[in-house]
Amino acid sequence: MTKRSKAYRAAAEKIQSGILYTPAEAVKLAKATSVTKFDSTVDVVLRLGVDPRKADQMVRGTVSLPHGTGKTARVIVFAQGERAEQALAAGADEVGGDELIEKVAKGWTDFDAAVATPDLMGKVGRLGRVLGPRGLMPNPKTGTVTMDVTKAVTDIKGGRIEFRVDRAANLNFIIGKSSFTEAQLEDNFKAALEEVLRLKPSTSKGRYILKATMATTMGPGIPMDVTKA
């Protein structure tokens with residue numbers, strides 16, 4: 001059994017057992033139960049009523065949070081020539097072709113998102129073993145395989161998040177930092193939730209969102225009733 005800190009136990013006592021909180025109440029509790037000395041991240045985990053093993057029930061998407069994520073994402077771009085110059089001008093942290101592909105192939109993953117131009121995807125596709133498990137593989141569906149590298153880099157650094165349901169049908173995304181105002185966190189949560197709801201697979205039957213929890217880094221989970229969003 002994991003031994004919890006005194007601060008964690010005190011925070012957990014603020015959450016009533018058996019209660020499903022509204023998102024607004026959860027946001028207030030999340031700020032009140034942050035136990036770290038640093039500005040912790042506020043996370044949301046949804047348990048979906050889908051079968052991720054079926055391709056037509058895979059829930060994956062992106063959304064730009066109205067108030068950003070509270071951190072500046074590190075973005076790399078696989079591009080050459082003019083597109084590489086555009087990516088650098090947009091603020092990409094590292095840009096390159098074969099040499100960058102080789103660097104990542106050797107295990108370098110010190111970045112939060114990767115963008116690629118379509119002409120390089122033949123080579124970038126070989127990085128699946130490195131990027132795939134970390135959810136960093138460029139994908140046309142999420143706007144990270146594109147000739148418009150300027151928009152892709154700007155969107156990601158401006159607060160766009162990507163989410164994807166895992167094998168256990170859980171979907172995780174961040175909605176900001178504990179230093180955000182309650183209104184900012186609520187706005188970000190609603191924007192993300194609306195996109196998740198919009199992406200509900202037509203083949204998914206029954207309840208779509210089975211369980212929802214909000215928590216700060218290292219803080220206790222706060223169960224939510226998202227129908228009251």
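This text walks through the two largest pockets of a predicted model. Because the model is predicted, local features need pLDDT of at least 70 and side-chain atom pairs count only at pLDDT 80 or more, while totals for chains, interfaces and linings use all residues. Residues are numbered from 1 along each chain as its sequence is written, and side-chain values use heavy atoms, with hydrogens and water left out.

A pocket here is an open set of points on a 1 Å grid over the protein atoms alone, where a 1.4 Å probe fits and protein lies on both sides within 12 Å along at least five of seven lines; its lining residues have an atom within 4 Å of a point.

The largest pocket has a volume, that is, the space filled by probe spheres set on the points, of about 750 Å³. Its lining is made of 24 residues, and the closest to the centre are Asp112, Gly135, Ile161, Glu162 and Phe163. Strands E5 (113–116), E6 (160–164) and E7 (170–177), which are DSSP runs of E with at least two residues, numbered from the N terminus, each give two or more residues to this lining, and E6 gives the most, with five. At least three residues come from each of domain 1 (16–69 + 160–224) and domain 2 (75–158), whose bounds come from an automatic or database domain assignment. By class, this lining has 11 nonpolar, five polar and eight charged residues.

The second largest pocket holds about 240 Å³ of space. Of the 14 residues that line this pocket, Arg207, Ile209, Leu210, Lys211 and Val226 lie nearest its centre, and strand E8 (residues 209–216) gives the most to the lining, with five residues.

Notes. Helices (H or I, at least four residues) and strands (E, at least two) are DSSP runs, numbered from the N terminus. Ala, Val, Leu, Ile, Met, Phe, Trp, Tyr, Cys and Pro count as nonpolar, Asp, Glu, Lys and Arg as charged, and the others, Gly among them, as polar.
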